[in-house]
Amino acid sequence: MLSRILRRLGWAAVVLWGTTVITFLIVHAVPADPVRVYAGANADAETIERIRSELGFDNPLAVQYGRYVGNLLRGDLGTSLVTGERVLDAILIRFPVTFSLALTAVCLWMLMSVPLGVLTAKYRGRAIDRTVLIVSLVAISLPVFWLARMLQYYLAYRTGVFPVGGFAGWTHIILPAATLALVITGYYARLVHTNMVEVLNADYVRVARAKGIPEYVVLFKHGLRNAVIPVITILGLDMAALMGGVVFTENVFALPGLGVLALQSVFNLDVPMIMGVVLFSAAMVVCANIVVDFVYMWIDPRVEGV
Amino acid sequence: MTVASPAVADVDSEETGHASLPFFSRMLKNRMVCAGGGMVLFLLILALAAPFLTGLGYLHDPMQQMPEGLDADGLPIPPGAPFLLGTDQLGRDMLARLVHGTRISLFVGIVAMLTAVIVGVTVGLLAGYRGGWLNTVLMRGTDVMMTIPGLLLAIAFAGLMDGRVIHLHPEWLDWHGLDITLKRGLVSVFLVIGLVSWTWIARTIRSQVLVLKNREFVTSSRAIGCSDVRIMVRHLLPNVLPLIIVLGSLATANTVLLDAGLSYLGVGVPPPAPSWGTMIAEGQPYFIVSPHLTMAPGVAIIVAVVGFNLLGQGLQEVLDPYVKEGQGG
C-alpha cells in the first residue's frame, strides 16, 4: 500500500517535470516575441532590448529553464507580463470554478452512464440497446462548443430555467457540466455495457443466479462491481481530455475559469501565464489520477498487493 | 472533446460472424461501414469537386460578398429562394462556404491524422519491438504527453505562431528552398493537431506489437538473420496494418473535431478562409435573427465526425479477426 502510494507520487513528480520541459520548449521555440507585446506597439528597438534583458529573455534557454524550475520549486510560477498579477494567484482565484465544473461533469456522466450501461447489458440486442448505441455514437461526435451554444440558447435564454452565463453560485455550473456530460455519457454507457456483458457470462454470475440470489443483487453486486473496474481506468485516462472540454464550455458560458484564462493569455502572448496554466492543469490531471487510483483500490481489493 | 481511446470502443455486435465471406463483401455487409463510408465519400467528393462547381457556375465564390446577399436591414438572408442555405453576416453564400469548408476540414483532419499515425506507429513499433530502455523512455514520454491536456497545448502552440522563419540549412548558404515559415495557417494547424493526438495510437500499436513479437514468424525471421528494421517494416508493420486503418479512421473523427474547435476559439486556420469552426464563431452573435449561420456549419461538422466514427467502428468489427490473428496486410 505505502510503496504503491510512494511510487504514484514519484511518478507524479516525473510527469510534472516532463510537463515543464515540454511547455518550456513550446513556448520558447515558437516564433512569437512576448517582449515586443509587453513593450507595446510604439516602443523603439532600444527599449525592447532593455526590457528583454530585464525580463531575462536574452539569456540562453538552459539558463532561463534553470531559473524557471528553481522558482517553481520555491512555489513561484512567475508574474503575468500583461496584468502584473502573480500567476499562481491568478490561477488559484479561477481554480474553484474549473474544479467544480469538472467534478460536476464527471459525477453527472457516471451517474447517467452506469445505469444505462447495466440496462442495455440486461436487455442486450433489444430496441433500447440499439437506441443507446446510435445516440452515443452521435453524441460523441458533437462539437462541445456547438452543443453548449444550443443548450445555452434553448434551455437558458428561451426558457430561463438555467442562468445564461457568468458565475454566481452553483446553479451556473449545472448547464455547462450537463453539456460535457451529455457528450460523453453514451460512450461510458457503452464501456459499462461491454464489460457488463462479459461479466454476466462469467461462471460466478451463473452460480449466483443458480443459488437464487435476486436479480438486482446479481446485477449490481456481482456484475457491476467487476464491470466498472476497466471503466475507472479509462476515466483516469480521460481527465486530460476533460480539461479540453472545459476550455470550450467555459468560453461559451463565460465562466471565469482556467480555460478562459488560458485562451486570454495565449492571445496576449502572456508567456508565464500560459506555462502556469498548462502546468497547473497537468497537475490537476495527475491529482485526479491519484484519486482514481484510490477508487480503483477500493473497488478492486486484489490490486492492493500489486 | 477528444475522448478516451478509440481502440477500446466495443466490438459487441452480431455482425462479426461472416468469416467465410470474402473481405470486400464483408465490408459491404456491415451497415456501419456502408453508412460511415458513404458519408465520408460524399464529403470527399464535395471537397474535390468544390473548385469545379464554382468554376462552372454551379456554386458562388465562397469569398465573394454578394450585393444582394444582405436584406434591406443589412441582415443575412435566410435559407430559401436565391441562396439555398442563405447568406452569412457579410452577404456571402453559405452553401458555397460550407462546401469549400469541406476542403479545409477534411484536408486538415486527414493530414493531421497521417501525422499522428506516423508518429504513433513509429513510437509504438520501436517501443514494443525493441523494449528495454527505449521502451521505458518512449512510453514514459507518451504518458507525460497524455497527462498534459492536449487542447491547452494545441492552443498554446497554435496561438503563438506569428511568422518567424526556421532555416533548415546553415545561415551562410543563400538558398531558401527549405525554409519553414511558422505562421497561423493550414500547416501549423495540422502539425499542432497531429502532434497532440498520436499518444493513443502509440499505446495501442505497442500492445499489439508485444503480442506479435513472440510469434513464430518473427522468431523465424530473426533466426534467418533479418535485421531489426527489416522485421519491423516488412513483418510487423503489415500485421498491424488492419489496426492502423481502424485507428486512423477513428483518429480522423477526433482531428476534424479538434480542427473545428481550434478554429472556433480563433487559433485555427485564419479568416477569411471558410473553416466550419470559424463560421460558427462568426455566426453566433446573429443566432437569434439568423440561426442558420450557426446551425449549418454545426451540422456539417457532425456529419463529418459521425461519418468517420461510424466508418472506424464498422471497420473495427470487420477487421477484428485480422487484428486478433495478426495476419492481415
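The expected span of a helix is 1.5 Å times one less than its number of residues. Keep that rule at hand for a later stop on this tour, and bear in mind throughout that the model on screen is predicted.

**Chain A as a whole**

Begin by selecting chain A alone, and colour it by secondary structure: it comes to 12 helices and 0 strands. Turn the chain until its principal axes line up with the screen, and its C-alpha atoms will be seen to fill a box of roughly 85 × 55 × 30 Å. Of the 306 residues in chain A, 40% are buried. If you then draw the contacts between residues at least 6 apart in sequence, 72% of those in chain A join residues at least 24 apart.

Now recolour chain A by pLDDT, for which the mean is 83, with 95% of the residues reaching 70 or more. Select helix H2 of chain A, residues 34-39, where confidence in this chain is lowest, at a mean of 68, and then move to helix H5 of chain A, residues 87-122, where it is highest, at 89.

**A glycine in chain A**

Select Gly245(A), which has its place in helix H10 of chain A. Is this residue buried or exposed? Gly245(A) has 29 C-beta neighbours inside 10 Å, and because a residue with 20 or more is taken as buried, Gly245(A) counts as buried. Add Ala177(A) to the selection and measure from C-alpha to C-alpha: the two residues are 68 apart in sequence, while in space the distance between them is 9.9 Å.

**Where chain A touches chain B**

Bring chain B back into view and select the residues at which the chains meet, where 51 residues of chain A are in contact with 46 residues of chain B. Several helices of chain A give two or more residues to this side, including helix H1 (2-29), helix H8 (171-200) and helix H12 (271-299). Which element of chain A gives the most to the side that touches chain B? H10(A) does, with 11 residues. Colouring this side of chain A by residue type divides it into 39 nonpolar, 9 polar and 3 charged residues. For the prediction as a whole, the scores are ipTM 0.84 and pTM 0.84.

**Chain B as a whole**

Next, hide chain A and look at chain B, whose secondary structure comes to 11 helices and 2 strands. Following the sequence from its start, you will pass through the pattern α-α-α-α-α-β-β-α-α-α-α-α-α. Buried residues make up 50% of the 329 residues in this chain.

Colour chain B by pLDDT as well: the mean is 79, and 82% of the residues reach 70 or more. Among the elements of chain B, strand S1, residues 162-166, has the lowest mean, 53, whereas H3(B) has the highest, 90. Then select residues 1-18 of chain B, over which pLDDT stays under 50, although the model has 50 contacts beyond four places in sequence for this stretch. Where pLDDT is low, the predicted coordinates should not be read in detail.

**Helix H7 of chain B**

Select residues 199-212 of chain B, which form helix H7, and apply the rule from the opening: at 1.5 Å a residue, these 14 residues should span 20 Å, and the end C-alpha atoms are 20 Å apart, which agrees. Of the 14 residues of H7(B), 10 are buried, so this helix is largely enclosed by the rest of the structure. Among the buried residues are Trp200(B), Ile201(B), Arg203(B), Arg206(B) and Val209(B). To see what covers them, show helix H3 (94-130), helix H4 (132-147) and helix H9 (228-265) of chain B, which are included in that cover.

**The nonpolar core**

From there, select Ala154(B) and Ile155(B), which touch the most other members of the largest nonpolar core, a set of 165 residues. The largest share of this core, 18 residues, comes from H9(B). Leaving aside residues up to four places away in sequence, Ala154(B) touches Val192(B), Ile193(B), Val196(B), Leu258(B) and Leu262(B).

**A last stop in a loop**

Finish at Asp71(B), which is found in the loop between helix H2 (31-55) and H3 of chain B. With 12 other C-beta atoms within 10 Å, Asp71(B) is exposed. Select Gly91(B) alongside: Asp71(B) and Gly91(B) are 20 residues apart in sequence and 8.9 Å apart in space, taken from C-alpha to C-alpha.

How values were computed
Residues numbered from 1 in each chain as written. Chains lettered and ligands numbered in written order. Predicted model: local features only at pLDDT ≥ 70, side-chain atom pairs only at ≥ 80, totals over all residues. Contact = placed C-beta atoms within 7 Å. Helix = DSSP H or I, 4+ residues; strand = E, 2+ residues; numbered from the N terminus. Nonpolar A, V, L, I, M, F, W, Y, C, P; charged D, E, K, R; others polar. Core = buried A, V, L, I, M, F, W, Y, C linked by C-beta atoms within 7 Å. pLDDT = per-residue confidence, 0-100.
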